[in-house]
Amino acid sequence: YVSYGIDEQLKAVSKAAHTLLFLYRKYIKVVPNVLYHDLQGTFTNIFFCAAKFQVHHPNDPLFLMLLGTDVLERLFGNMRMKLKGGFDNLDIIYCSRAMVEVERILESHATWVSSGGKVMRRLSLDYSKTSNWDNEKLCIADVDIMMAWEDCRH
């Protein structure tokens with residue numbers, strides 16, 4: 001949620017990790033082995049990156065959604081939709097250049113995004129855009145990362 005601060009985001013990740021652990025132990029067939037390990041690796045990465053960021057950049061905002069691959073997934077998802085027959089390296093170069101150009105144009109014309117159709121509204125509400133977040137809530141200097149993990153354990 002874009003309204004969450006960094007401490008609330010870390011607590012939500014902790015809740016997800018502990019709930020997943022419970023489901024994995026109690027109902028083995030509900031969560032496949034590979035999915036469990038992939039998700040727990042992602043959760044671990046989030047907490048390690050938060051701790052590292054707190055040491056090196058305590059007063060800067062930490063955008064957890066940029067730790068993942070959402071931007072790449074959106075890029076390749078759009079390419080798969082446009083080039084259904086498959087694509088090669090040259091297609092990747094052309095499509096990525098075109099998408100960067102579209103992003104640049106939309107950033108320079110903010111009114112187009114807010115008054116446009118369904119696609120434009122979706123782009124303007126995208127959680128992966130840092131402009132949609134409150135940077136003050138995302139500073140990690142005063143966050144107790146260990147407490148965020150432990151609070152949601154029970």
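**Exercise 1. In which helix is Met146 found, and is Met146 buried or exposed?**

Before you start, note that this is a predicted model, where local features need pLDDT of at least 70, side-chain atom pairs count only at pLDDT 80 or more, and totals for chains, interfaces and linings use all residues. Residues are numbered from 1 along each chain as its sequence is written, and side-chain values use heavy atoms, with hydrogens and water left out.

*Solution.*
- Step 1: Look for Met146 in helix H7. Helices here are DSSP runs (H or I, at least four residues; strands are E, at least two), numbered from the N terminus.
- Step 2: Check the cover. Met146 has a relative accessible area of 56%, and the cut-offs are under 20% for buried, over 50% for exposed and partly exposed in between (1.4 Å probe, protein chains only). So Met146 is exposed.
- Step 3: Look across to Leu10. The C-alpha atoms of Met146 and Leu10 are separated by 9.8 Å, with their positions 136 residues apart along the chain.

**Exercise 2. Work out what the protein chain is built from.**

*Solution.*
- Step 1: Count the elements: the protein chain has seven helices and zero strands.
- Step 2: Write them in order from the N terminus, and you get α-α-α-α-α-α-α.
- Step 3: Add the burial. Of the 154 residues in the protein chain, 25% are buried.

**Exercise 3. Describe how H1 and H2 sit relative to each other.**

*Solution.*
- Step 1: Know what to look for. Two packed helices are described by the angle between their axes and the distance between the axes.
- Step 2: Read off both. The axes of H1 and H2 come within 10 Å and cross at roughly 155°. An axis is a line fitted to C-alpha atoms, for helices over the stretch in contact, and angles run from 0 to 180 degrees between N-to-C directions.
- Step 3: Name the arrangement. Angles under 35 degrees count as roughly parallel, over 145 as roughly antiparallel, 65 to 115 as roughly perpendicular and the rest as oblique. H1 and H2 are therefore roughly antiparallel to each other.
- Step 4: Pick two residues to try it on. Gln40 sits in helix H2 and, at 15% relative accessibility, counts as buried. The C-alpha atoms of Gln40 and Leu20 are 8.2 Å apart.

**Exercise 4. Find the salt bridge and say what it links.**

*Solution.*
- Step 1: Recall the rule: a side-chain nitrogen of Lys or Arg within 4 Å of a carboxyl oxygen of Asp or Glu.
- Step 2: Search the whole structure, and one salt bridge turns up. Asp151 pairs with Lys11, the closest N and O atoms being 4.0 Å apart.
- Step 3: Place the partners. The pair links distant parts of the chain, 140 residues apart: Asp151 in helix H7 (residues 145-151) and Lys11 in helix H1.
- Step 4: Check the cover again. Asp151 is partly exposed at 44%, and Lys11 is partly exposed at 31%.

**Exercise 5. Place Val30 and see how exposed it is.**

*Solution.*
- Step 1: Find Val30 in the loop between helix H1 (6-26) and helix H2 (33-56).
- Step 2: Val30 has a relative accessible area of 53%, so Val30 is exposed.
- Step 3: Compare positions with Leu20. Val30 and Leu20 are 10 residues apart along the chain, and their C-alpha atoms are separated by 9.9 Å.
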